[in-house]
Every structure is written in structure tokens, then in C-alpha cells.
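Welcome! Here is a short guided tour to read with the sequence and the 3D view open beside you. Take it one topic at a time.

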Amino acid sequence: MNDSTPLLSIRDLRVSYGNIKAVLGISFEVYEGEIVTLIGANGAGKSSTLRAISGMVPYSGSITYRNTDLRKVVSDKIVALGIAQVPEGRGIFGNLTVQENLKLATWQRKDKPEIERDYERIFGIFPRLKERRGQLGGTLSGGEQQMLAVARALLSRSKVMLLDEPSMGLSPVLVREIFNILTEINQAGTTVLLVEQNANMALRIASRGYVLETGNLTLTGTGAELLGNPRVKEAYLGG
Amino acid sequence: MDAQKTPQKNIQQPGKGQKLGVWKQYWDRFASNRWLLPVLTVAGFILSILIPQFNLVNPYIQLILMYIGINIILTTSLNLINGYMGEFSVGHAGFMAVGAYTSAVLTTIFIPTSLNPWLFPLVVLAAGVAAGLVGLLVAIPSFKTRGDYLAIVTLAFNMIVKSIIENIEAIGGPRGIPGIEKLTTLPWAFFWTALAVWVIRNFVYSNFGRGVMSIREDEIASDLMSVNTRQAKLLAFVISSFFAGIAGALFAHVLQFISPKVFDILKSTDILIMVYLGGIGSITGSILGATIFTILLEVLRPLGVWRMVLMPLVLVLLMLFRPRGIMGLREFRWFIPHYQLLATHLWRKKKEAANAPAAD
């Protein structure tokens, strides 16, 4: 979009679990400053794609981040490189406090004063989390847990944030709030790769979108284009 | 500053009766004095020197006190893996055996008897290091598996250690090593126990410890949070087996006789019981669990075989009414770092303030 070298480039990605083939050779790019969304139904391979990028599942094909081949990098180092993922189901550590949850995001960082400044920034975006620092993560409401998950990803100083269905299990009002926050985060300079079933919301904030169907990319375009596309309308937006 | 909150707390529960309120007030005042922990530790150490010196209590009770210390070390160290990391290791007696044999071989064969009392701390340390190294060797392949599989790997390890020892004639084979000098004294038992608790408590509340706990909660999320889960697991396992080795060395020099049979799977089960009795993921729980279990076994000794019926019964009842053990995932406030206590305290206060008008 704005520059010729993509931040994240996926080439012919294939993921399979034993005999089950989840992703069948997809290629796409994410450029700096974009919100890119992958939409698709259950089992289309969206989550597998994100897991491959974070190094959680074995794959064939190549995933390149700023000229670094991610195949040789283990998952915790991928986070250190600047790719943070908000996993499906949020992955909150329920028996740890909100504060401990946040501290885990800076596990590898040693720059204490910078971390303090990041905390202030996070608490500016999510004042609710500041109030609930001492509370156990598992006792937060669904929306608060999602905020905590996004806050953790922000704390790892990510350049790219991968989100796996952040709208899952949230009320429409909370979904809107989360998506507004995502737009803000994006405007502050974080590139976002968003995987969603809620195609309507996702395409509205996305600069570009891809439609994933049973392991293949079938459609691509800007968010607005896809929103207007009759096939997308029929399959994902309810006619 | 903590003392200021005590009257407030009592106002909150006026219905509980005057007498209980007074006791609670005393207890709160006692518990909020954080400097009492170091004071009690020093007092305990001095007492542990004075007791054998002047025979303040009979030797039988002194012996039991030492066993309590050893069991606290074993329980706290196993709790690091089974409680804080959420894995299921059942071969703790194997590491204990490595420590016990290393130290016993050193004191009976290599070190001249006259030097034994002086070199004993180093011998215990060497036993810990040996067990820690074996722990590392076991951990590297073991942590490619999880859950039930790890339990089987550690179970196999326990059996392997036992049969290796049985087949080495130089260290007595199945007959074991008799005539070990009684080098574990009450002060030493106290010192190593305090050290183990202190090190493990500090580890748990460190950055690494948080990583270890996040593995228990959700390993995938913890990987995605940049936690090097492999490194955290290895370190926790090595620390755990290190202290099991130290407990083994102390144990060998109290019992004065060790054989492979002492360190079989039943011993591992005993340690597991103490962990789950006290409560997973809790230092306070480990101390309580080890103490209660050891004392209970001694108190029930007159019952003979029946104590082996009563003890499991106690466990069944415990699991029914307190499935997480006495202190499961909770901690007495002396062991919680101050910054964290403060955050929780502030949150509680806010919640109480928010609830107060509704309660009226």
C-alpha cells in the first residue's frame, strides 16, 4: 500500500495436522500501518495461519518478517522481534492477578524505565485495568479479559499485533469498544492482522481484507470493496 | 500502616460476636507485622541450637522436628513442579535417593571421620548439586511431554534410580549403606529448611517464577507472551531436584541407614500426599502439609496398621471438602511480596467501599 516492502509476507503457507490439511498454500502480505483482516467460516484455516506466524505449529512455505525468515525463530523470540498475538479465547492467566498478567508480557524486556512508561500508556487506554490490578484475571468479565489480552500484546512492544477473534463471546457494545480501541492502536502505529468471523465489523475498520475458504484465499480487496462484494454479502454478512 | 485497617475490618463484621472480634483483632495485628517472620526465623534457629544443647525436649521429639524439616524441603520443592508449574511429577524420591547416596558415599567412604562434622554442609551441597544435575538430565527429554506422560516418565525415572542403586555392589546394592554417622543436627535441619523455603519463595515471586506459573495457567498463551517456557521449566525442575537432593542428604544422616527400598514409589507418594494436603501452589500450604502429615503419622503410631486406614480416610475427606488442599493457591501474607499485597489490598478496599452503601 504505502511502501513496496511488506512488513509481513506469507508465501505458499501450508499447515496440516496429521492427515487434516488446514491451510492449503496461501500467500498474502501485510504492510506497515495497515489493518488487514482474514475473514472466513469455522475451520477455514484462520487460526492455523496465525499460529504458524507465531511459530506455534509446524508449516511449509515461508513466513518473512522484515527480511527475517521466521521458520528458524522459536515462538518466544518471535514475540521479542515484534509480533504479538492475542490468542483465541484470550489466554488470560486466570489464577494470576491482572498485574502479574501484564508483567508476563514484558518477560524478556530489560528496559525498566521504558516498561514503566508503557504501563502508563496502557493504563491510559484501559483505565479499568488500572483499577483492577490486584484482581485475579479469571474474575474479570469477558470484555475486561479481552482488554487485558490486548494490553498484554501492546506491552510486548509489538510492531504487528495478530488478533484471533477478539469479538468472540462479547456483547455488540463491547465488540464495538474493542474495535474502536484497535483502530486507535493502529493509528498510534501498530500494524494489525485481524482474524474474524464477525466480517461486518472487521471489514469496516480494515484497510484490506482476505476471504479464506477451506484453506484457500478466494477473494481479496480493500475493506470497503469486500463489504460491497455480493459474494461476501451473501456468505458472511447475511445477504 | 497496616495496623490502621484493623478497626475498620471489625466494623465490617459486627454480627460475629464480641469475643471472636477481639481475637480477630489480635490475630490481624499479629499477622500484619511483617518483620515478625525474620524475627521468628532467627528465634527458631537459636531455639534449634538450644534444644539439643540443654535437652529441652526429649530426643524423640527432636528427631520428629528434623523429619518435619526434611519433609518441608521435599514438599516445597515438589510443589514448585506440581503446584506452581502445574505438571505432575511423581518421582521425587528418585532425586532424594541421588542426594542421599551421594552424601552417604562421601561421608562413609571418602571423607575421614574426623573431618565429617566440618565438611557436612559441603557434603549436603554436593548432594544437592548431584541431584540437580540428574534433574537436568531427566528434564531435557521429559519436558517434550506433558501431563500424564510426564508423570509416567518421572515414575520410570524413580524405578530406574532404584534398580541402578540395587545393582551397584560398591554402594551396598540392595543391602544399602549401614552405619552412616548421625551428622544431621537440629540447627542444620533448620538452616537447610529455611534456606529451601526462602529460595523457592523468592523464585516463585521472581520474573522466572511468574513465567512458571503462567505455564500452569495456559502454556500456549505463555509462549505468546514471550515467556521462554522451555528455559523456565528446566530451571524450575533443576531447583526442585536440587532441594530434593539436599533433603535426601539430611535424611540419610538422620536415619543412619539407607537402602534402595527407602526411596521407592511409596516415598514419592508420601511427598505427593503432603503437597496436596497442604495445597498446591502455596509455600504456606507446603509447610503446613508437611508438618501436619509428619505429626499425624507419629500421633497415630499406636494404632498400628490402622493408621494406614485412617490416613487415606483423612485424605479422602480433605479432597471432598477442600479439594485444593488446606491452602490451595493461597498464601499467608508474610510470604507475599509487599508490592503485590498492596495492590490486592487497594483493590479490596475499593471493592469494600463500593459494596458498603449497598449493604446498608
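**A residue to start from**

Let's begin with B:Leu78, which is found in helix 4 of chain B. Keep in mind that this is a predicted model. From B:Leu78 the tour moves through chain B, then on to the strands of chain A, and ends where chain A touches chain B.

**B:Leu78 and its surroundings**

- Is B:Leu78 buried or exposed? B:Leu78 has 28 other C-beta atoms within 10 Å, and 20 or more are needed for a residue to count as buried, so B:Leu78 is buried.
- Setting aside residues up to four places away in sequence, B:Leu78 touches B:Ser89, B:His92, B:Ser240, B:Ile271 and B:Val275.
- To get a feeling for distances, try B:Leu78 and B:Val124: they are 46 residues apart in sequence, and their C-alpha atoms are 18 Å apart in space.

**B:Gly132 in helix 6**

- B:Gly132 belongs to helix 6 of chain B, which covers residues 116-142.
- B:Gly132 is buried too, with 23 other C-beta atoms within 10 Å.
- Which residues does B:Gly132 touch, not counting residues up to four places away in sequence? They are B:Val238, B:Ser241, B:Phe242 and B:Gly245.
- B:Gly132 and B:Ile215 are 83 residues apart along the chain, and 21 Å separates their C-alpha atoms.

**Chain B as a whole**

- Chain B has 15 helices and 0 strands.
- A compact globule of 360 residues would have a radius of gyration near 21 Å, and the 22 Å of chain B agrees with this.
- The C-alpha trace of chain B spans about 75 × 55 × 40 Å along its principal axes.
- Of the 360 residues in chain B, 40% are buried.
- Take the contacts in chain B with a separation of 6 or more: 81% of them are between residues 24 or more positions apart.

**Helix 13 of chain B**

- How far should the 17 residues of helix 13 (residues 283-299) of chain B span? At 1.5 Å a residue the expected span is 24 Å, and the end C-alpha atoms are 24 Å apart, which agrees.
- Several residues of helix 13 of chain B are buried, among them B:Ile283, B:Ile287, B:Leu288 and B:Phe293.
- The buried residues of this helix pack against helix 4 (59-84), helix 8 (186-204) and helix 12 (265-278) of chain B.

**The largest nonpolar core**

- The largest nonpolar core holds 148 residues, and B:Met96, B:Ile246 and B:Ala247 have the most contacts inside it.
- Helix 11 (residues 229-255) of chain B gives the most to this core, with 13 residues.
- Leaving aside neighbours within four places in sequence, B:Met96 is in contact with B:Leu74, B:Ala244, B:Ala247, B:Gly248, B:Phe251, B:Phe263 and B:Lys267.

**Strand 9 of chain A and its partners**

- Why can strand 9 (residues 208-213) of chain A be called largely enclosed by the rest of the structure? The reason is that 5 of its 6 residues are buried.
- Strand 3 (residues 35-39) of chain A pairs with strand 9 of chain A in the parallel sense, over 4 bridges. Here A:Leu38 stands opposite A:Tyr210.
- Strand 10 (residues 216-222) of chain A runs antiparallel to strand 9 of chain A, and 6 bridges join the two. A:Leu212 has A:Leu217 in strand 10 as its bridge partner.
- The hairpin of strands 9 and 10 of chain A has 2 residues between the strands, and A:Thr214 takes a positive phi near 35°.

**An open sheet in chain A**

- Chain A has an open sheet of 4 strands, in the order 2-1-4-5, with antiparallel pairing.
- Strand 2 (20-30) and strand 5 (68-69) of chain A each have a single partner strand at the edges, so one side of each is left without a neighbour in the sheet.
- Strand 4 (residues 60-65) of chain A is joined to strand 5 of chain A by 2 bridges, and A:Tyr65 stands opposite A:Thr68.

**Where the chains touch**

- How many residues of chain A are in contact with chain B? There are 28, and they contact 22 residues of chain B.
- Helix 2 (75-81) and helix 3 (98-105) of chain A are the elements giving two or more residues to the side of chain A that touches chain B.
- Helix 3 of chain A gives the most to that side, with 5 residues.
- By class, the side of chain A that touches chain B has 9 nonpolar, 12 polar and 7 charged residues.

Notes
Residues are numbered from 1 along each chain as its sequence is written. Chains are lettered from A and ligands numbered from 1 in the order in which they are written. This is a predicted model: local features need pLDDT of at least 70, side-chain atom pairs count only at pLDDT 80 or more; totals for chains, interfaces and linings use all residues. A residue is buried if 20 or more other C-beta atoms lie within 10 Å of its own, exposed if 12 or fewer, and partly exposed in between; C-beta atoms are placed from the backbone. Two strands pair if DSSP finds at least two bridges between them. Two residues are in contact if their C-beta atoms, placed from the backbone, lie within 7 Å. Ala, Val, Leu, Ile, Met, Phe, Trp, Tyr, Cys and Pro count as nonpolar, Asp, Glu, Lys and Arg as charged, and the others, Gly among them, as polar. The radius of gyration is taken over C-alpha atoms; the globule rule is 2.2 Å times the number of residues to the power 0.38. The expected span of a helix is 1.5 Å times one less than its number of residues. A nonpolar core is a set of buried Ala, Val, Leu, Ile, Met, Phe, Trp, Tyr and Cys residues joined through C-beta atoms within 7 Å.
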